[in-house]
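Please consult the sequence and the structure shown below before reading this briefing. The points that follow are grouped by topic for ease of reference.

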Amino acid sequence: METDMQSSKQTIDAAKIRRDFPVLNQQVHGKPLVYFDNGATTQKPIAVIKALTRYYENDNANVHRGIHQLSERATNGFETARKKVAAFIGAKSERQIIFTRGTTESINLVAAAWGRKFVSEGDEIILTEMEHHSNLIPWQLLAQEKGAVLKYLSITEEGTLDFTGFESILSNRTKLIAVTHMSNVFGTINPIKKIIRLAHDRGIPVLLDAAQSVPHLPIDVEHLDCDFLAFSGHKMLAPTGIGVLYAKRSRLENMDPYQGGGEMISSVWHDKSTWNEIPHKFEAGTPHIAGAIGLGAAIDYLNTLGMENITHYEQELTTFALDKMMRIPNMKIYGNAPERGGAISFNIGNVHPHDLSHFLDQQGIAVRAGHHCAQLIMRKFDIAATTRASFYFYNTFEEIDYFVEQLTEAQRFFDY
Ligand code: C6P
């Protein structure tokens, strides 16, 4: 065990990496900060912070508009970032990359621009009970507007998708399968290759909510063959307010615009307009230029570490944490998928997750407590909330030791 840990510590040297993240080097309530809320948002390395400062200090201008040096530089930075995103997820062309505010907006974009055009009364959309609200509510709104039907794949006690009867819920009315790649509650990595193959055999497109996977796993959209993929910059070292929608080119070409405004048009008359080419057709108004440049810098940083190394290191952290946590009496961990990432949801006895996370905060440990925007999961397990620890590559085995110690202390404190 020790030897294995040592070997991965050499590929990801968390102690060294942490020097790139100034925010991690602080005390909270007099204790060194242990940041285990990475599923909510990640911290930013100096390289990303500097890319933002550099842009605002030197190049700030609007993009695609001005014929002047600053605008050219801003446009160049923005479009270079688009190319970096495309290469990072294996997209054939940067024109398949739409900049959005985040996963939520990316999915809303598909529901509005693709759904309004292609989904009609009586059509069916397949979701799962594991979805974040961002991959539920846009479809509920569309279904209500169109009179479409939502069908759900249920989840097992293990926090995995229950494929019993999956093929029988697919019909010739199924218009889309929208599914999370990695659960933000259980950490489960879903068998999306299998889902996409089954769907495509029947000509059904698949949307992947990749908010929790792109930051942690190597992704190749060509290999996956997904039709749509949505993710957020802030969960992968980049600023908040920038995200991505990837889609197959033919899908984008056939979709209507999402929002109207500057940038997305080609010609405008009094009563009608024609649309700019992709990706600009979907990027109305001034975009988050600095955010995109920050996302490009985040991708450079992740590439330097190597996504495979990141996945491997996080898997070791997670196995280490699960092994220790399971030994705590009255510990209930939700989710036990064979393939999983580093989000661990749990409850200890009857201690309320809010009380537990407050206790942990007093010890310098940041975790998340609540329903994690996944109320269908909470209903299924008949609980109101869980506490969740979620890791990133800058977390250490020592932090997990301290966390487990403090969970044991909490148990004593709350007397369970
Ligand atoms: N989950 C969490 O703590 P946005 O807010 O658009 O960047 O991401 C939404 C989203 C969509 N899908 C999944 C699977 C997610 O985990 C999230 C964000 C955070 O779990 C905040 S609720």
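This briefing treats strand pairing, one helix and its surroundings, a histidine contact site, the cysteines and the main pocket.

The structure is a predicted model. Strand 4, spanning residues 97-100, is covered on both of its faces. Helix 13, spanning residues 353-362, carries buried residues that line one face of the helix. The largest pocket encloses about 310 Å³ of space.

**Strand 4 and its partner**

- On one side of strand 4, I97 and F99 are buried, and on the other side I98 and T100 are buried as well.
- Strand 4 runs antiparallel to strand 10 (residues 243-247), and four bridges join the two.
- T100 has G243 of strand 10 as its bridge partner.

**Helix 13 and its surroundings**

- The buried residues of helix 13 are P353, L356, S357, F359 and L360.
- Viewed down the axis of helix 13, these residues fall within an arc of 155°, and therefore they line one face of the helix.
- In general, an α-helix has 3.6 residues a turn, so residues three or four places apart point the same way.
- The cover over the buried residues of helix 13 includes three short segments of sequence assigned as strands, namely strand 15 (365-366), strand 16 (368-370) and strand 14 (343-348).
- Strand 17 (386-390) and helix 15 (397-414) are also included in that cover.
- After helix 13 comes G364, which has a positive phi near 90°.

**The site around H133**

- H133 is located in the loop between strand 5 (124-128) and helix 6 (137-146).
- H133 has a relative accessible area of 19%, and it counts as buried because the cut-off is under 20%.
- Leaving aside residues up to four places away in sequence, H133 touches P138, H371, C373, A374 and Q375.
- H133 and A374 lie 241 residues apart along the chain, yet 5.9 Å separates their C-alpha atoms.

**Cysteines**

- Zero disulfides are found in a search of the whole structure.
- C226 is buried, with a relative accessible area of 0%.
- C373, one of the residues that H133 touches, is partly exposed, with a relative accessible area of 23%.

**The largest pocket**

- The lining of the largest pocket comprises 23 residues.
- T103, T104, H132, S134 and K235 are the lining residues that lie nearest the centre of this pocket.
- Helix 5 (residues 103-118) gives the most to the lining, with three residues.

Technical notes:
Residues numbered from 1 in each chain as written. Predicted model: local features only at pLDDT ≥ 70, side-chain atom pairs only at ≥ 80, totals over all residues. Heavy atoms only, no water. Buried < 20%, exposed > 50% of the residue type's maximum accessible area, 1.4 Å probe, protein only. Pairing = 2+ DSSP bridges. Arc of directions from axis to C-beta. Contact = heavy atoms within 4.5 Å. Disulfide = S-S within 2.5 Å. 1 Å grid on protein atoms, 1.4 Å probe; cavity = no way out; pocket = protein on both sides within 12 Å on 5 of 7 lines; lining within 4 Å. Points joined across faces, edges and corners; volume = space filled by probe spheres on them.
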